[in-house]
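Here is a friendly walk through one model, with the sequence and the coordinates open beside you. We will go from single residues to strands, and then on to charged side chains.

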Amino acid sequence: MAELSEAKQAAREMWAGGKYAEIVDRIADAGRTTVAAAEVGEGDTVLDVACGTGNATIPAAQTGAEVTGLDLTPELLEQGKVAAADAGVEIEWVEGDAEQLPFEDDSFDVVLSVFGCMFAPDQRRAAEELARVLKPGGRLAVAAWTPEGNIGKFFRAVADHMPPPPEGFQPPILWGDEDHVRGLFEGTGVDLSFDRAQIVFEHDSPEAFLEEYELKLPPLVAARAVLEPEGNYEPLRADLLEAYMEGNEADDGYRSPGEYLVIKGRKAA
């Protein structure tokens with residue numbers, strides 16, 4: 001793999017932090033939903049881009065497909081290997097960059113990404129790469145949090161308190177905007193359609209949910225590490241708790257839906 005830029009090295013270090021493997025089960029339904037949206041089946045060749053610990057990779061392999069999972073973060077791939085072994089499936093795991101996929105053109109019947117490629121800095125390049133490695137007539141399915149959903153509110157709250165991003169930075173949650181995604185894939189030969197789905201997050205209380213994520217969710221762990229030494233974390237924590245309380249639908253405990261966009265595509269034959 002080519003030498004990483006400073007931004008991508010920072011992203012890899014961020015996702016290696018926290019305890020992502022301990023909370024990834026909360027979004028397991030999105031992996032299964034995305035695999036179903038792409039109609040993955042036995043005999044398909046499948047690439048899961050920015051696969052993390054295998055949220056979609058493993059369900060795809062359970063259909064009998066031949067599956068490759070690619071991610072920038074070696075620590076997540078190692079956790080994925082353990083999960084795949086526990087599930088009794090064989091997967092090829094590749095360390096790689098969503099913006100420079102190490103595969104030939106027209107290599108896969110299906111390309112997936114679940115809350116993964118949305119974090120690539122160059123969104124247009126990532127979309128072009130997904131399309132490039134997809135065979136003519138092949139299927140695409142990508143899950144991305146919507147800007148207006150409760151998870152989108154989390155990302156906005158964090159961004160409001162962090163140092164300004166580099167010039168040209170595009171927020172990851174733009175992948176949850178249909179018009180933006182159409183622009184990303186314009187000229188790639190992929191015809192798009194969209195569905196919306198949600199994951200329901202549950203816990204004992206909003207406070208308990210936040211406390212767990214402060215310790216385990218890599219973007220929040222990283223934000224805390226930046227802000228806390230300067231005494232700037234508590235304002236973010238207060239805003240997050242307020243957002244969690246506003247999004248709570250439970251009378252007792254915590255229950256909050258996280259909306260995401262399912263981007264479906266087919267490459268012209």
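Let us begin with Phe115, which sits in the loop between E4 and H5. Keep in mind that this is a predicted model. The phi angle of Phe115 is near 50 degrees, a positive value in a residue other than glycine. Is Phe115 buried or exposed? Its relative accessible area is 8%, so Phe115 is buried.

A second residue with this backbone feature is Glu39, whose phi is near 55 degrees, again positive in a residue other than glycine. Glu39 belongs to the loop between H2 and E1. With a relative accessible area of 57%, Glu39 is exposed.

A glycine pair is also worth a look. Gly52 is placed in the loop between E1 and helix H3 (57-62), and at 8% relative accessibility Gly52 counts as buried. Between the C-alpha atoms of Gly52 and Gly116 the separation is 7.4 Å, although their positions lie 64 residues apart along the chain.

**Strands and their partners**

Strand E2 (residues 66-71) has 5 of its 6 residues buried, so the rest of the structure largely encloses it. Strand E1 (residues 45-49) runs parallel to E2, and 5 bridges join the two. Within this pairing, Gly69 in E2 has Asp48 standing opposite.

Strand E7 (residues 254-267) is largely enclosed by the rest of the structure too, because 10 of its 14 residues are buried. Which strands pair with E7? One of them is strand E5 (residues 134-145), antiparallel to E7 over 7 bridges. Here Leu140 has Gly265 in E7 as its bridge partner. Strand E6 (residues 190-203) is also antiparallel to E7, and 14 bridges join them. On that side, Gln198 stands opposite Glu259 in E7.

**Salt bridges**

How many salt bridges does the structure hold? The count is 24. Three of these pairs are set out below with their N to O distances.

| Acidic residue | Basic residue | N to O distance |
|---|---|---|
| Asp97 | Lys8 | 2.6 Å |
| Glu212 | Arg26 | 2.6 Å |
| Glu129 | Arg132 | 2.8 Å |

Take Asp97 and Lys8, whose closest N and O atoms are 2.6 Å apart. This pair links distant parts of the chain, 89 residues apart: Asp97 is in the loop between strand E3 (92-95) and strand E4 (108-114), and Lys8 is in helix H1 (residues 6-16). Both Asp97 and Lys8 are buried.

The side chains of Glu212 and Arg26 also meet in a salt bridge. Because Glu212 lies in helix H8 (residues 206-216) and Arg26 in the loop between H1 and helix H2 (28-37), the pair ties together parts that are 186 residues apart in sequence. Glu212 counts as buried at 14% relative accessibility, whereas Arg26 is partly exposed, with a relative accessible area of 25%.

The salt bridge between Arg132 and Glu129 stays within one helix. Both residues are in helix H5 (residues 123-132), 3 residues apart, which is about one turn of the helix. Arg132 is partly exposed, with a relative accessible area of 22%. Glu129, at 7% relative accessibility, counts as buried.

Beyond single pairs, there is a network of salt bridges that links Glu148, Glu178, Asp179, Arg182, Arg196 and Glu259. Glu259 brings us back to strand E7, where it stands opposite Gln198.

**A negative patch on the surface**

Which residues form the negative surface patch? They are Asp160, Asp239, Glu242 and Glu246. Helix H10 (residues 233-246) gives the most to this patch, with 3 residues. Asp160 is found in helix H6 (residues 150-161). Why does Asp160 count as exposed? Its relative accessibility is 64%, and exposed means over 50% relative accessible area.

Technical notes
Residues are numbered from 1 along each chain as its sequence is written. This is a predicted model: local features need pLDDT of at least 70, side-chain atom pairs count only at pLDDT 80 or more; totals for chains, interfaces and linings use all residues. Side-chain values use heavy atoms; hydrogens and water are left out. Patches are made of residues with over 30% relative accessible area and no salt bridge: like charges are joined within 9 Å, nonpolar side chains (Val, Leu, Ile, Met, Phe, Trp, Tyr) within 5 Å. Accessible areas come from the Shrake-Rupley method with a 1.4 Å probe; for residues, only the protein chains shown count as cover. A salt bridge is a side-chain nitrogen of Lys or Arg within 4 Å of a carboxyl oxygen of Asp or Glu. Lys and Arg count as positive and Asp and Glu as negative; His and the chain ends are not counted. The place of a charge is taken as NZ of Lys, CZ of Arg, CG of Asp or CD of Glu. Helices (H or I, at least four residues) and strands (E, at least two) are DSSP runs, numbered from the N terminus. Buried means under 20% relative accessible area, exposed over 50%, partly exposed in between (1.4 Å probe, protein chains only). Two strands pair if DSSP finds at least two bridges between them.
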